[in-house]
Amino acid sequence: MKKLGLLVMCLLPLPAYSEVMTEVYCFSSADKAPKNLEFRFHYDTSAKWTVGYLKYADAPRQITLAARDAQWDESDSQRPDDVANSWLEVTTGKVTGEYEMVTEAGAINAMVYTRYADKKKTTFNRSKTVEGSLEDGCQW
């Protein structure tokens with residue numbers, strides 16, 4: 001009986017522990033007429049999986065983002081690494097732009113959007129007055 005129980009345990013797949021985490025950030029552009037956007041991404045570090053989307057405050061729908069890559073700058077051993085995460089903007093089945101988030105020691109320094117059609121860049125800064133929440137997002 002013990003051998004049968006052991007055999008069954010070996011043949012049945014064990015559930016893997018994974019937890020999808022979500023983070024929400026609120027950004028505003030430095031333009032004369034600022035644009036506000038909510039950036040939300042979901043990830044599972046054990047599965048090495050991530051997906052994101054963003055929504056401009058005045059837009060009717062969200063924009064899908066696909067994680068492109070992450071680059072670490074370890075040039076100065078006296079301070080934390082800088083990390084640049086790239087996200088591809090996917091609209092109507094096409095890659096139309098790229099968002100790059102630059103962080104240092106967990107603090108987000110900037111989000112830069114490059115529109116592929118004309119190479120125009122827009123810089124967004126993390127909002128100091130609006131905090132994002134999982135339930136409500138960014139309340140502009």
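This is a short tour of the structure, stop by stop, for you to follow in your viewer.

**Before you start**

The model is predicted, so local features need pLDDT of at least 70 and side-chain atom pairs count only at pLDDT 80 or more, while totals for chains, interfaces and linings use all residues. Residues are numbered from 1 along each chain as its sequence is written, and side-chain values use heavy atoms, leaving out hydrogens and water.

**Stop 1: the whole chain**

Show the protein as a cartoon. You will find one helix and eight strands, in the order α-β-β-β-β-β-β-β-β from the N terminus. Helices (H or I, at least four residues) and strands (E, at least two) are DSSP runs, numbered from the N terminus. Now switch on the surface: the protein exposes about 9800 Å², with carbon and sulfur atoms supplying 56% of it. Such areas come from the Shrake-Rupley method with a 1.4 Å probe, and for residues only the protein chains shown count as cover. Of the 140 residues, 31% count as buried. Here, buried means under 20% relative accessible area, exposed means over 50%, and partly exposed lies in between (1.4 Å probe, protein chains only).

**Stop 2: strand β1 and its partners**

Select residues 21-29, which form strand β1, and residues 36-44, which form β2. The two pair in the antiparallel sense over eight bridges; strands count as paired if DSSP finds at least two bridges between them. A hairpin of six residues joins β1 to β2. Click on Val24 and look across to Arg40, its bridge partner in β2.

Next, add residues 121-126, strand β8, which runs antiparallel to β1 and is joined to β1 by three bridges. Here Ser29 stands opposite Phe124.

**Stop 3: the disulfide**

Which cysteine is joined to Cys26 by a disulfide? Select Cys138: the S to S distance is 2.0 Å. A disulfide is taken as a pair of cysteine sulfur atoms within 2.5 Å, and the structure holds one. The pair links distant parts of the chain, with Cys26 in strand β1 and Cys138 in the segment after β8, 112 residues apart. The link of Cys26 and Cys138 is left-handed, with -100° about the S-S bond. Both cysteines are buried.

**Stop 4: Thr123**

Finally, select Thr123 in strand β8. Is Thr123 buried or partly exposed? Its relative accessible area is 38%, so Thr123 counts as partly exposed. Leaving aside residues up to four places away in sequence, Thr123 touches Ser28, Ser29, Ala30, Met111 and Val112, where contact means heavy atoms within 4.5 Å. Tyr113 is 10 residues from Thr123 in sequence and 6.4 Å away in space, C-alpha to C-alpha.
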